[in-house]
Amino acid sequence: MGKEKFHKSQHWGFCNNVAMLVAEDKPGIGGEPLPGQKLKPEYSVFPKGMGSDAPAWIAFDKQVLSFDAYFEEEVPDKNQELYRIRHCKIYFYLEDDTIQVIEPQVKNSGITQGTIVRRHRIPLPPPHEDQFYTIDHFNINIEVILYARRYKIIDCDQFTKNFLRKMGVRLNPPADRPDDPYTKERQKILESMKPLRPYERIDTLKQFLEHDGQVLRFFCVWDDPESMFHDPRELVLHYYLSDDTIDIKEIIPVNSGRDAVPLFLRRDKLPKYAPTGLYQPGTITSRTVLNVFGKLVGNRGRYILDNRKTGAVHQEFYRDSDLKIGAVINVWGRKIILCDCDEFTKEYYRTKYGIEDFTPVAYKAPPPPKPEKTFPPYTGFGSEEDSLCSCMSLLLKPPQKDFKKFMEKDRSGMESNILRFLAKLVTDSPIDKDRKFIISYFLSDDTISIFEQVQQNTGILGGKFLERGRIKKPGQELFKSEPSEYFKAQDLFVGARVCFHGHNFLLVDADEYTFNYMEKHANEFSMADIGIILKKLKDTAEPRSREIRQVFAAADPERSKVIEYEPFRNLIASITDGAFSEHEIITLGRYYSVREEYEMDLHFLLAVAQEQLKKNSFENFEQLSAVFLYNDREKCGALPHEMCRTICKSFKLPLADDDLQALLTMFGDDHKQVEYKKFVDGLNWRENQIPAFQTIKVKPVYLEDDLSGQPPSLPVKGIKYLPLLDDLFGKEE
């Protein structure tokens, strides 16, 4: 057989007058077939010009043709059947022309089923065993021979049909699927047979799958009549919807004297009534059986299932429909009242049974009110907070400070968070009348310090007048249980009279930072809230609107629409009959004032900024330029004003917000676009250091620690009274 294959595939020939063995499929010159030669393709040939040029193992990866087939198998030595029809699947893998045959498993067939032919390339039957099956050998309603076994292809799936049509194959009509005669005969016998004994199927799988993990929870109470004090016992009942079982757990109060047990009732089905006696094991079962022969045959019984359930003990158990708020259930002789349930249980009964009333049952008296905690009066030793901590716990702890407030209101850059007022003593002494004090209020911890200004030829030494600390408000009892009240920031404003340790002060002025801070936080300081001030003034002056307009017009004889601050103050004071504080009048004047525009020199601003950056050792100018350049998507060299401000804030540039805004404005154009390269170069004190400050006419700058002069307020030279009148009474027609 091997020699035949050798002679069929190869023959002797001559090449350059030399005899050699030449294969039959060897092409001629240039790969062209020789005359009369037919080349046998080794793999499936797909038409060109359609799809991609990728090789088959890439183009057809994970693409399989599926054919339905069957083969007949002879059954010798058996009278019931002569042959057997076995259905199978033929899979043709397009990527490498491999074939696999699989037979689906049939229950109780008794045949080893599964893979019949493992996946590999299968040769054609003789006499073409030197070739392999390709896609051209497959169609519907044909027979293929795989290793001497004849398979009849009867149909294929939709993908296979579409693929074969694209390959140009004309599909045959599908063939009928024959039935196995022996299997058909056995099916008839099984259908005609009736079971000799009844079979009852109890299926609880559906209930378990639908309600697994779903538990109804009821809060119950049991009034134990045998207890000494007849106190109610609180219980929690769980009803498991997956198998209709119940367990109960007792809530044991603290220091009740009762032993803690895991469960009051272990999980099981709960009968509706307590039986008179306990049943023997096996009495209550899901099925009953009958002894057919008794003890006649060898003292052994023969049992079958009893479909009549003769002698079965029927017992009713509690179901979810029996449980509701207010119901009384019998738990093995104990009467338990269902008082309340959780939200899941309410939603379950609302959905399934349409119950809407879930009013809980009151089973215990409301808890008594907690006694008010009283503290002993202050002893006078240490601070009040420290003495109070000794009453809170046995372990002494220092009083806690408001650390969050400290972090928010502590000094940060140019933000001092200190309110500074100019004050005078309220006294009849001619010596003390002219004394001037600087009252500083620290917002971080609500402490106050007072410094006295040095005045020549007064005979009074200036300097520290009061150590920094919290100051109690006057008129409070010293030894008392309640905590004392201390001065807050809202108690200090221009025109306020305060008493610090027996010294009466009148606040006559404040610095610019104080006015700005109070106006920015107007929700905390009503004296600086322009909305409240205008409403208060409108309620007072609206009935006399015409008269007030004439008074303001008389104060402006030149019709310049601007009046000085002093006449304005006197007019407001006379209109309100002294109801307005000095701070409210100043706030009103500042809001409608004609502010003098100070011309700032760019070099001076840069010098101040560089000095501040140098003190804080800020040198990240390259990173700052890189971030500006990254955000400049259009590469135009300019960014919006707000974006530049946000980037500077992200770098924590140690500059005050006003100074930063002024610098960005000076480096910007009319469209609020900032040239960020010039801006960064101007701030770079390493490479472009600006010499000493130039002497220019600018607004005087007062440092907070400079106590040689009084803290100045923003000059209010002129006030535009027409906008004020329009806001109060509306525009005059």
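How many salt bridges does the count come to in this structure? In this predicted model, the count comes to 39 salt bridges. Three of the pairs are described below, followed by a helix and a set of paired strands.

**Salt bridges**

| Pair | Closest N and O atoms |
|---|---|
| Asp322 and Lys272 | 3.2 Å |
| Arg470 and Glu385 | 3.1 Å |
| Asp511 and Arg420 | 3.5 Å |

The side chains of Asp322 and Lys272 meet in a salt bridge. Asp322 belongs to the loop between β14 (303-305) and β15 (328-331), and Lys272 to the loop between β12 (265-268) and β13 (289-291), so this pair ties together parts that are 50 residues apart in sequence. Asp322 is partly exposed, with a relative accessible area of 25%, and Lys272 is likewise partly exposed, at 28%.

A salt bridge also links Arg470 with Glu385. Because Arg470 sits in the loop between β20 (463-469) and β21 (497-500) while Glu385 lies in helix α7 (residues 384-392), the pair ties together parts that are 85 residues apart in sequence. The relative accessible area of Arg470 is 39%, which counts as partly exposed; Glu385, at 30%, is partly exposed.

In the third pair, Asp511 forms a salt bridge with Arg420. Asp511 is found in the loop between β22 and α10 and Arg420 in strand β17, so the contact ties together parts that are 91 residues apart in sequence. Are these two residues buried or exposed? Both Asp511 and Arg420 are buried. Elsewhere, salt bridges that share partners join Glu642, Arg645, Lys649 and Asp657 into one network.

**Helix α10**

Helix α10 spans residues 512-520, and its buried residues are Tyr513, Thr514, Phe515, Tyr517 and Met518. Against which elements do the buried residues of α10 pack? They pack against two helices, α8 (403-409) and α14 (582-591), and two strands, β17 (418-425) and β22 (503-510). In an α-helix there are 3.6 residues a turn, so residues three or four places apart point the same way.

**Strands β18, β19 and β20**

Strand β19 (residues 447-452) is mostly covered, five of its six residues being buried. Strand β18 (residues 436-442) runs antiparallel to β19, and six bridges join them. Across this pairing, Tyr441 stands opposite Ile448 of β19. The two strands form a hairpin with four residues between them, and Asp446 in the turn has a positive phi of about 60°. Strand β19 is also joined to β20 by four bridges, again in an antiparallel arrangement, with Ile450 opposite Leu466 of β20.

Technical notes:
Residues numbered from 1 in each chain as written. Predicted model: local features only at pLDDT ≥ 70, side-chain atom pairs only at ≥ 80, totals over all residues. Heavy atoms only, no water. Buried < 20%, exposed > 50% of the residue type's maximum accessible area, 1.4 Å probe, protein only. Contact = heavy atoms within 4.5 Å. Salt bridge = Lys/Arg side-chain N within 4 Å of Asp/Glu carboxyl O. Pairing = 2+ DSSP bridges.
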